[in-house]
Amino acid sequence: MSLLVVGSVGIDTIETPFGRVTDVLGGSSTYIAIAASYFVTPIKLVGVVGGDFPKEYFDFLESRDIDLEGLQVIKSGKTFRWGGRYLYDLNTRDTLFTDLNVFEHFNPVIPESYRKTTYVCLGNIDPVLQRRVLEQIERPRLVVGDTMNFWIKGKNAELRETLKLMDVLVINEAEARQLTNEPNLIKAARTIMMLGPRVVIIKKGEHGALLVTESTIFVAPAYPLENINDPTGAGDAFAGGFIGWIAKMDDFSDESLKRAVIHGSTLASFCVERFSLERFKDLTYLEILDRFREFRELSKFDEAITV
Ligand code: AMP
């Protein structure tokens, strides 16, 4: 099975209570692709960077077997840059700056060799561009998409058009409520299902994730980590782990979707242990499997025997 990922590739500056890093690798599709690369390779990455994108970042992506044919390099331009700051509540962050740079006029062009891709993950970009990507792919088996408050507010009608083409929407809880005007998350998920996606996954940060399909509701915990350094990219790493697993197994049954949600939570939990994508430099598949199994223990309990 093959997986195409589109979204931002960028250079981040991040401040958390545990440190500050400047000019580190970031971007929504970077996190998705790196997380998914533990399950299927090569990942076909579609995005844009400027002439300033460091060689070591290209090398890192290639070291994870990510196919960069679809990554446009605009030599005369600058890479997308984003800065964010987290205070003690790591669930909320302030955006310090967003410099779109080459991303501002990004027109995703899907190379010929990518057009028969079976799985597609649309990272958080303009819903018009998400649709333009899909128009260039021949009948994908599954389309997973992400979005954010910026598009829900600014391009609501366009987003609704794109939602019709998505099979799975991965969205955080505040955004699910905003999209549907519905405070109850189960009802919000059901409302989203009427807009197109047949599977909705609502991310709840350190409180885990909720999977809703026609026939099931599944609640996954977040891994109880004691040392979190940087929450950036956790949602994208979740999406990458989820779609990577589904693409590897080529199975969208409810049971497989549940396992995929746990793989998503596993990848997200590793992501936040270090700044930027540092943790993925030495993370092994065996560590992922070990943590995946630990998840089962987290919510397992015995029935009390009463007489
Ligand atoms: P997440 O923490 O999952 O929301 O993803 C963080 C990544 O998204 C960072 O590495 C940023 O480079 C990237 N990012 C931040 N704002 C935007 C935006 N407006 N459009 C696309 N990517 C963004």
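**Exercise 1. Decide whether Leu185 is buried or exposed, and find its surroundings.**

Step 1: Leu185 has a relative accessible area of 11%. Buried means under 20%, exposed over 50%, and partly exposed in between, with a 1.4 Å probe and protein chains only. Leu185 is therefore buried.

Step 2: Now place Leu185 in the fold: it belongs to helix α7, residues 185-195. Helices (H or I, at least four residues) and strands (E, at least two) are DSSP runs, numbered from the N terminus.

Step 3: Look for its partners. Leaving aside residues up to four places away in sequence, Leu185 touches Glu173, Ala176, Arg177, Ile202, Lys204 and Leu210. A contact here means heavy atoms within 4.5 Å.

Step 4: Try a distance too. From C-alpha to C-alpha, Leu185 and Val199 are 14 Å apart in space, and they are 14 residues apart in sequence.

A word on the source: this is a predicted model, in which local features need pLDDT of at least 70 and side-chain atom pairs count only at pLDDT 80 or more, while totals for chains, interfaces and linings use all residues. Residues are numbered from 1 along each chain as its sequence is written, and side-chain values use heavy atoms, with hydrogens and water left out.

**Exercise 2. Describe the setting of Asn124.**

Step 1: Find Asn124 in the loop between β9 (119-122) and α3 (127-135).

Step 2: Check its accessibility. The relative accessible area of Asn124 is 19%, so this residue is buried.

Step 3: List contacts, again not counting residues up to four places away in sequence: Asn124 touches Ser28, Gln130, Asp146, Thr147, Met148 and Trp151.

Step 4: Turn to the side chains of Asn124 and Trp151, which are joined by a polar contact of 3.1 Å. Such a contact is a pair of N or O atoms within 3.5 Å; within protein, one must be able to donate a hydrogen and the other to accept it, and residues adjacent in sequence count only if both atoms are side-chain atoms.

**Exercise 3. Work out what surrounds the ligand.**

Step 1: There are 15 residues around the ligand, and Ser8, Asp12, Gly27, Gly233 and Asp236 come nearest. A residue is near a molecule if one of its heavy atoms lies within 4 Å of it.

Step 2: Sort the shell by class: four residues are nonpolar, eight polar and three charged. Ala, Val, Leu, Ile, Met, Phe, Trp, Tyr, Cys and Pro count as nonpolar, Asp, Glu, Lys and Arg as charged, and the others, Gly among them, as polar.

Step 3: Ask which elements contribute. At least two shell residues come from each of α1 (28-36), β7 (80-86) and α8 (234-249).

Step 4: Zoom in on atom pairs. An N or O atom in the side chain of Ser8 is 2.8 Å from a nitrogen atom of the ligand. A polar backbone atom of Gly233 is 2.7 Å from an oxygen atom of the ligand, and a polar side-chain atom of Asp236 lies 2.7 Å from an oxygen atom of the ligand.

Step 5: Finish with coverage: on its own the ligand has 510 Å² of accessible area (Shrake-Rupley method, 1.4 Å probe), and the protein covers 84% of that.

**Exercise 4. Summarise the whole protein.**

Step 1: Count the secondary structure: ten helices and 14 strands.

Step 2: Consider burial. Of the 307 residues, 55% count as buried.

Step 3: Measure the extent with your viewer: the C-alpha trace spans about 75 × 40 × 35 Å along its principal axes.
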